[in-house]
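Reader: I should like to learn how to read the features of a protein model in an orderly way. May we proceed from the overall division to the finer detail?

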Amino acid sequence: MIETDIVIIGAGPTGLFAVFEAGLLKLKCHIIDGLPQPGGQLTELYPKKPIFDIPGYPSVGAGELIDNLMEQIKQFQPGFTLGEIAEKIDKLDDGTFIVTTNKGTAHKAKAVAIAGGLGSFEPRKPILKDLEFYEQEDRGVEYFVKDPEKFRGKKVVISGGGDSALDWSIFLSNVASEVTLVHRRNEFRGALDSVEKVQELKSAGKIKMITPGEVIGFKGSERIESVDIEVNGARMNVVTDYFIPLFGLTPKLGPIANWGLEIEKNAIKVNNALDYQTNIEGIYAIGDVNTYPGKLKLILCGFHEATLMCQSVYNRINPGKKYVLKYTTVSGIDGFDGSRKEAEKAVVKSID
Ligand SMILES: Cc1cc2nc3c(=O)[nH]c(=O)nc-3n(C[C@H](O)[C@H](O)[C@H](O)COP(=O)(O)OP(=O)(O)OC[C@H]3O[C@@H](n4cnc5c(N)ncnc54)[C@H](O)[C@@H]3O)c2cc1C
């Protein structure tokens, strides 16, 4: 049994930053995430995109922000259970919790922070014969571009009319040997500058565009060798190594919906006037997963909520003990790994 002070469900930016704030209060954390890597939506959905509204960063890549958060929390030695979904929460008589994953890993904690974002993401899939076969083990159908290098020098067919389809077509036009973008309509729903960029790349012969068109079937015995595309009632065949349908993702709250928490519009209701606690004492919900009047699903809001949540957990674990807010600039940081960070002491020069 893994034992900790706070078990955090979700390794997105909110869950990661909670480890830092908890560490300042000498509270240990263990994070569970269904994905194999930390980072939540940032790593899974838009690792290469720049974010412009993180305070102090005029621009930061989503992947870079996650790397920095991981670096920032390293000193507090969080535990990770990755690639496992938190399935069950049991509250014991002494007020502690046992969180159990789909693989049976049990975690005991004094408080639970659900930072589960929009839940687990499932791609919207096209209805195509033999899709399940080609989805497996690098047989050619991919719903996410996790590592663009995988497509270096390969032929790629991307389907979709939104930002993801446009952005990845643009990005992969510099990586893949051939990019074909297929969309059911002539108009795209993405950002205007992305649409213009795709148009430019099409004119430069770096992207092939098939509109209005639809991928209707696959060819290939071991893996994809080509796709059949319907264009204006006619049929054509395009040789490709990969087919990437980017029709959006459907978030599913998943097991979170079964934990007896008050749910409103697919999110967990919390007490935002105080500490982001749910209707079950000791269980908190922070970041995109919660809802309250005026809620904004933004990374910086998740950071704020994580900070207040940690203060509340501190008070819960140390009843009656008065906490005095300390600035890191003044108190420095004592890591659980024995490290110490502090500002250099001001040197007062004497004047003769
Ligand atoms: C394309 C795009 C662009 C964006 N751009 C910006 C932007 O510019 N600025 C901004 O502030 N915000 C932006 N956002 C929103 C931002 O990504 C979210 O606000 C942020 O990711 C929320 O962080 P989180 O940690 O609360 O949740 P998430 O990042 O969603 O992480 C939640 C994690 O919980 C895990 N999880 C869920 N349920 C379970 C379970 N039962 N067991 C185990 N793990 C579980 C999931 O696997 C996931 O990894 C953007 C979002 C998208 C999709």
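Reader: Into which domains is the protein divided?

Author: Please note at the outset that this is a predicted model. The protein falls into domain 1, comprising 2-121 + 249-341, and domain 2, comprising 125-245. The C-alpha centres of domain 1 and domain 2 are 36 Å apart.

Reader: How should I read the surroundings of the ligand, and which residues come nearest to the ligand?

Author: One may begin with the residues around the ligand and then ask which elements supply them. Here 36 residues surround the ligand, and those that come nearest are Gly10, Gly12, Gly40, Gly117 and Gly287. At least two residues of this shell are supplied by each of α1 (13-24), β2 (29-33), α2 (40-44) and α7 (299-317). By class, the shell contains 18 nonpolar, 14 polar and 4 charged residues.

Reader: At what angle do α1 and α7 pack, and which residues meet there?

Author: For a pair of helices, one reads the angle, the separation of the axes, the handedness and the residues in contact. α1 and α7 pack at about 35°, and their axes are 8 Å apart. Their crossing is right-handed. From α1, the residues Pro13, Thr14, Phe17, Ala18, Glu21 and Ala22 take part; they meet Ile299, Gly302, Phe303, Glu305, Ala306, Thr307, Met309 and Cys310 in α7. This contact has 9 nonpolar, 3 polar and 2 charged residues.

Reader: How do the axes of α1 and α3 cross?

Author: The axes of α1 and helix α3 (residues 62-73) cross at roughly 25° and come within 9 Å. Angles under 35 degrees count as roughly parallel, so α1 is roughly parallel to α3. The crossing of α1 and α3 is left-handed. In α1, Pro13, Leu16, Phe17, Val19, Phe20 and Gly23 meet Leu65, Ile66, Leu69, Met70, Gln72 and Ile73 of α3. The residues of this contact comprise 10 nonpolar, 2 polar and no charged.

Reader: What is the corresponding description of α5 and α6?

Author: The same reading applies to this pair. Helix α5 (residues 163-172) packs against helix α6 (residues 192-203) at about 40°, with the axes 10 Å apart. α5 and α6 are therefore oblique to each other, and their crossing is left-handed. On the α5 side the contact involves Asp163, Leu166, Asp167, Ser169 and Ile170, which meet Ser194, Val195, Lys197, Val198 and Leu201 in α6. These residues divide into 5 nonpolar, 2 polar and 3 charged.

Reader: Turning to the backbone, which residues does a cis peptide bond join, and where does the proline lie?

Author: For a peptide bond, the angle to consult is omega. The cis peptide bond joins threonine 211 and proline 212, with omega of about -15°. Proline 212 is situated in the loop between β12 (208-210) and β13 (213-219).

Reader: Which residue other than glycine has a positive phi, and where is its place?

Author: Phi is another backbone angle, and its sign is the point to check. Aspartate 130 has a phi near 65°, a positive value in a residue other than glycine. Aspartate 130 is found in the loop between β9 (120-123) and α4 (131-135).

Key
Residues numbered from 1 in each chain as written. Predicted model: local features only at pLDDT ≥ 70, side-chain atom pairs only at ≥ 80, totals over all residues. Axes fitted to C-alpha atoms, helices over the stretch in contact; angles between N-to-C directions. Helix = DSSP H or I, 4+ residues; strand = E, 2+ residues; numbered from the N terminus. Parallel < 35°, antiparallel > 145°, perpendicular 65-115°, else oblique. Left-handed = near helix turned anticlockwise from the far one by under 90°. Contact = placed C-beta atoms within 7 Å. Nonpolar A, V, L, I, M, F, W, Y, C, P; charged D, E, K, R; others polar. Domains from an automatic or database assignment. Near = placed C-beta within 6 Å.
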